[in-house]
Amino acid sequence: MNKTIVITGGAGFIGSHVVRLFVNKYPDYRIVNLDKLTYAGNLANLKDIESKPNYIFEKGDICDLDAMRQLFQRYNVDGVIHLAAESHVDRSIRDPFTFARTNVLGTLSLLQAAKEQWNGNWEGKRFYHISTDEVYGALPFDGTLFTEHTRYDPHSPYSASKASSDHFVRAYHDTYGLPVVITNCSNNYGPYQFPEKLIPLFINNIRHKKPLPVYGKGENVRDWLFVEDHARAIDLIYHRGRTAETYNIGGFNEWRNIDLVRLLVRTVDRLLGRPEGSDEPLITFVTDRAGHDLRYAIDSSKLKNELGWEPSLQFEEGIEKTVKWYLDNQAWLDEVTSGEYEKYYERMYAGR
Ligand code: NAD
Ligand code: TYD
């Protein structure tokens, strides 16, 4: 193995796609997946690659500085791709402290462990921090886009914690010289997303004819990107992105929530052999999310111009693939929503 990369949060939604891509594409890299296995982390996401010789799973908490120091020493780490985080806005509204702890203090522990281990020898080293477009706040309905120069203006405890972690990452570069790179991505969708987020939650609810709780009037706009396109961008930026730069990653693919929900209803209905659109009465408008950001939209032209990255999938095609995956993987959905897998992994890794 000529390189060791720690991918944090590799048992989560996006992390599992990144781990899979790196393990398969780079057999000469040792890929260490560091994950605490919270409710959102599930090793079932990685069954297809878990026995590959260049893959290692380490259960651990990024907030535990000593454990992070030991991990960096044990594996003589060359690079970090940092995805571990609490990631759901609604949970952050109920429990902001957990978000500050994991997203801010956890990131700080990793930065410190990397700095101590590398100790000024930055050659061949990289700390890649994965962030979100939500740090930029909300856009009006005027066609403007978030660029890398948009002022940070987070509104939710989730986005405030991610913004704070971004600042620490930049501070470790500016103060100590740590070779960092940051990307801010738009909403991801695809297989293995925990079904508390809009798309998997609603696919599952449509299938089971449960209500679809649309916040407010469903007018909020999100820019959706297929998760494998995000993983491809991460690969490119890990290898070719410029140190200390920020790159925005997005799909140039804005959808009003209500239009997206109707597309999901039509797609699930068609794939289940129901009359298309017949499940629209499941749509239920509910009280809006507190501080609900109106619109996110990313300008990813810097990434396109510098590194040639573009989304590969049309949204309708990506949604079709995604709906099919959830309909074919009901057992996965049942497992991650039952709480059983959390108990299982607690037992399995007890005492490690
Ligand atoms: P996720 O919630 O699906 O997964 C998070 C993973 O981190 C889980 O496996 C969890 O077990 C792990 N984790 C949580 N706390 C940990 C801790 N203290 N120590 C170690 N591991 C811990 O999240 P996701 O949607 O895959 O997002 C991954 C990253 O990408 C996050 O940093 C998120 O902010 C960012 N992001 C997500 C999106 C999106 O649409 N999902 C968009 C842009 C950026
Ligand atoms: P979500 O998937 O939670 O991602 P984010 O909040 O990071 O954008 O939500 C996507 C959009 O869907 C957001 O505008 C909130 C809305 N939403 C609902 O209307 N109902 C729901 O049950 C959920 C989970 C989200």
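This is a friendly dialogue on reading two ligand sites, a pocket and a few backbone features in a predicted model.

Biologist: Let's start with ligand 1. Which residues come nearest to ligand 1?

Modeller: A good habit is to begin with the shell of residues around a ligand, then go to single atoms. Here 29 residues lie around ligand 1, and I14, D35, S87, Y158 and K162 come nearest. By type, the shell has twelve nonpolar, twelve polar and five charged residues.

Biologist: Which elements of secondary structure supply that shell around ligand 1?

Modeller: At least two residues each come from α1 (13-25), β5 (126-132), α5 (157-176) and β7 (187-189). The largest share is that of β5, with three residues.

Biologist: And which backbone atoms should I look at?

Modeller: Look for N or O atoms of the protein beside oxygen atoms of the ligand. A polar backbone atom of I14 is 2.8 Å from an oxygen atom of ligand 1, and one of F13 is 3.0 Å from an oxygen atom of this ligand. For L37, a backbone N or O atom is 3.5 Å from an oxygen atom of ligand 1. As for cover, ligand 1 has 840 Å² of accessible area on its own, and the protein covers 97% of it.

Biologist: You mentioned L37. What is the phi of L37?

Modeller: Start from the general rule: most residues other than glycine have a negative phi. L37 is not a glycine, yet its phi is positive, about 55 degrees. You will find L37 in the loop between β2 (29-35) and β3.

Biologist: Is L37 buried or exposed?

Modeller: Compare the relative accessibility with the cut-off: L37 counts as buried because its value of 11% is under 20%.

Biologist: Which loop holds Y192?

Modeller: Y192 sits in the loop between β7 and α6. Its phi is positive too, about 75 degrees, although Y192 is not a glycine. With a relative accessible area of 16%, Y192 is buried.

Biologist: How does I56 fit that scale of burial?

Modeller: I56, in strand β3 (residues 55-59), has a relative accessible area of 23%, so it is partly exposed. It also shows how to compare distance along the chain with distance in space: I56 and I31 are 25 residues apart along the chain, while their C-alpha atoms are separated by 6.2 Å.

Biologist: Now for ligand 2. How many residues surround ligand 2?

Modeller: We can read this site by the same steps. There are 18 residues around ligand 2, the closest being E134, P213, R222, R289 and H292. They divide into eight nonpolar, five polar and five charged. Both α6 (198-207) and β8 (212-215) supply at least two residues of this shell.

Biologist: Which side chains and backbone atoms should I check there?

Modeller: For side chains, take E134, with an N or O atom 2.6 Å from an oxygen atom of ligand 2, and R222, where the corresponding distance is 2.8 Å. For the backbone, an N or O atom of Y215 is 2.9 Å from an oxygen atom of ligand 2. The protein buries 96% of the 510 Å² that ligand 2 exposes when taken alone.

Biologist: Last, how do I read the second largest pocket?

Modeller: Take its volume, then its lining. The second largest pocket holds about 150 Å³ of space. Its lining has 14 residues, with G251, N253, L313, Q314 and F315 closest to the centre. Eight of the lining residues are nonpolar, four polar and two charged. At least two come from each of β9 (221-226) and α10 (315-328), and β9 gives the most, three residues.

Terms used:
Residues numbered from 1 in each chain as written. Chains lettered and ligands numbered in written order. Predicted model: local features only at pLDDT ≥ 70, side-chain atom pairs only at ≥ 80, totals over all residues. Heavy atoms only, no water. Near = heavy atom within 4 Å. Polar contact = N/O pair within 3.5 Å; in protein donor to acceptor, adjacent residues only side chain to side chain. Areas by Shrake-Rupley, 256 points an atom, 1.4 Å probe, with all protein chains shown as cover. Helix = DSSP H or I, 4+ residues; strand = E, 2+ residues; numbered from the N terminus. Nonpolar A, V, L, I, M, F, W, Y, C, P; charged D, E, K, R; others polar. 1 Å grid on protein atoms, 1.4 Å probe; cavity = no way out; pocket = protein on both sides within 12 Å on 5 of 7 lines; lining within 4 Å. Points joined across faces, edges and corners; volume = space filled by probe spheres on them. Buried < 20%, exposed > 50% of the residue type's maximum accessible area, 1.4 Å probe, protein only.
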